[in-house]
Amino acid sequence: MHSENSRLKSVLGEIETLRMKRQRELTHRSRAHSPWKRFTQQELNDEACPTYKNLLIGRSRRIPDRLTIIAIAEYLECTSGERNDLLLAAGYLPIQTELAGRALELALEWAQQTMKTLPFPAMIVTHTQDIKGYNESFSRLFDLPFDPSYNNNLNRVDLHFNADMTIRPRSTFDKTSFEQWESHAIQGIQAFKRNHALSRYDPWYQQVIQRAQKYNAIEKYDNKPDAEEEPDRTQTILAGSANSGELVPIRYKQMSVSAGSRLYPQVQVFLPVDASARKVFADLGCPADCEFGWTPR
C-alpha cells in the first residue's frame, strides 16, 4: 500500500509539473497550444481524467489506468519523452515511437547495405524526412549531384516542394502531371501526420511542419479531402533519354522497404511503369527484366 501511495504521489507530481509548465508557456507565448485550453486542474479533470480532482484531495487512491495516463499526456500536449515519463511513473510500459541513438545508427547501416544491393534508383529516408543518401541511378534519374556532402543534407519536403530543384518542375510540366503531383503532396502530408500522431508535439515533428510551411504546403494541402487509403503511387516526370538527350515523360512508382517493425528509416525504391520508363531505367543500368516489376521483401 505504501508503495502504491508513493507511486500515485509521483504520478500526480509529474502531471502537476507538466500542467504548470504548460500554463507558463501560455503566459509567455513560448509555444503554440490549442486555443481553448487553459490547463487548469478542473479542465484536466473534465477533458482527460474524471477522477483527477478526487485524486488530488485524497478521495481516490487508485492510479489511473494506462489509457487514461495516455489521455492525460495528450491533453497536456506531451512530447514522446514527457508521455513516457508519465507512463513509467505510473508503472506502465513506455511507448516507443521513433528510433534514436545507436538503434538508429544500426538501422541506417542496414539501409545503406540494402540500398547497395538494389539495381534500381533508391534513397534512404528517416522519420524526420531527412534523406540519408541515395544511389547513383537515383542521382541520374532526378539530375542531382552524386556527392555525399550533398545527398546527406537533403530533406524529402524540399525534394517535393522546392521549385528551384529539378524534380518539381519536371513533375509539373502539364495539367495532368501537376494534378498527380498535387495528389501526392496531399497523400504525403496526411500520411506523415497519421504515421506520427503520437509524436506531433516533439520538436523534430514541429521542425518538419515548419519546413513544409516555408512552401505554404500545409495551408494549401492539409485541408484537402482525405486521400484514399491505398493511393495510386504512380508518378510522372520528365527524364533524360540517353540516346537523344531530350527530356521525355516517363511514369514510375515508389516502393518502401523498412527494417523490422518500425516504419523508418526506410529505403524508397523507384520502379518503371511504362515503356518509356523501362527504356530510361535500362539506360541507368536496371536489369532487363525490370519491366516485370519488383516486390521488396
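Where does T114 sit? In this predicted model, T114 is found in helix 6, the stretch that covers residues 101-116. T114 counts as buried because its relative accessible area comes to 16%, and the cut-off for buried is under 20%. K53 is a long way off: T114 and K53 are 61 residues apart in sequence, and their C-alpha atoms are 54 Å apart in space.

Helix 6 also turns up in the nonpolar interior. The largest nonpolar core has 37 residues, and F142, L144, L159 and V267 are the ones with the most contacts inside it. Quite a few elements chip in with at least two residues each: helix 6, helix 7 (136-141) and helix 14 (275-283) on the helical side, plus strand 1 (122-125), strand 2 (130-134), strand 4 (234-240), strand 5 (247-258) and strand 6 (266-272). Of these, helix 6 gives the most to this core, with five residues.

L159 gives a closer look at the packing. Leaving aside residues up to four places away in sequence, L159 touches M123, I131, F138, L144, L154, M165 and I167. One of these partners, L144, is itself among the residues with the most contacts inside the largest core. Apart from this core lies another one, made up of 24 residues, with L12, C49, A73 and L76 among them.

Next come the empty spaces. Searching the whole structure turns up one cavity of 30 Å³ or more, and the largest cavity has a volume of about 50 Å³. Its lining is made up of S171, S177, Q180, W181, H184, Q235, T236 and Y252. Two elements, helix 11 (175-195) and strand 4, give two or more residues each to that lining, with helix 11 giving the most, at four residues. Strand 4 also supplies at least two residues of the largest nonpolar core. As for chemistry, the cavity lining has six polar and two nonpolar residues, and no charged ones.

The second largest pocket holds about 250 Å³ of space. Residues S30, R31, A32, H33 and S34 line this pocket, together with E77, T79, R200, Y201, P203 and Q206. By class, five of the pocket-lining residues are polar, three are nonpolar and three are charged. So which classes does each lining contain? The pocket lining includes charged residues such as R31, E77 and R200, because Arg and Glu count as charged, whereas the lining of the largest cavity has no charged residues.

Note on methods
Residues numbered from 1 in each chain as written. Predicted model: local features only at pLDDT ≥ 70, side-chain atom pairs only at ≥ 80, totals over all residues. Heavy atoms only, no water. Buried < 20%, exposed > 50% of the residue type's maximum accessible area, 1.4 Å probe, protein only. 1 Å grid on protein atoms, 1.4 Å probe; cavity = no way out; pocket = protein on both sides within 12 Å on 5 of 7 lines; lining within 4 Å. Points joined across faces, edges and corners; volume = space filled by probe spheres on them. Core = buried A, V, L, I, M, F, W, Y, C linked by side-chain atoms within 4.5 Å. Contact = heavy atoms within 4.5 Å.
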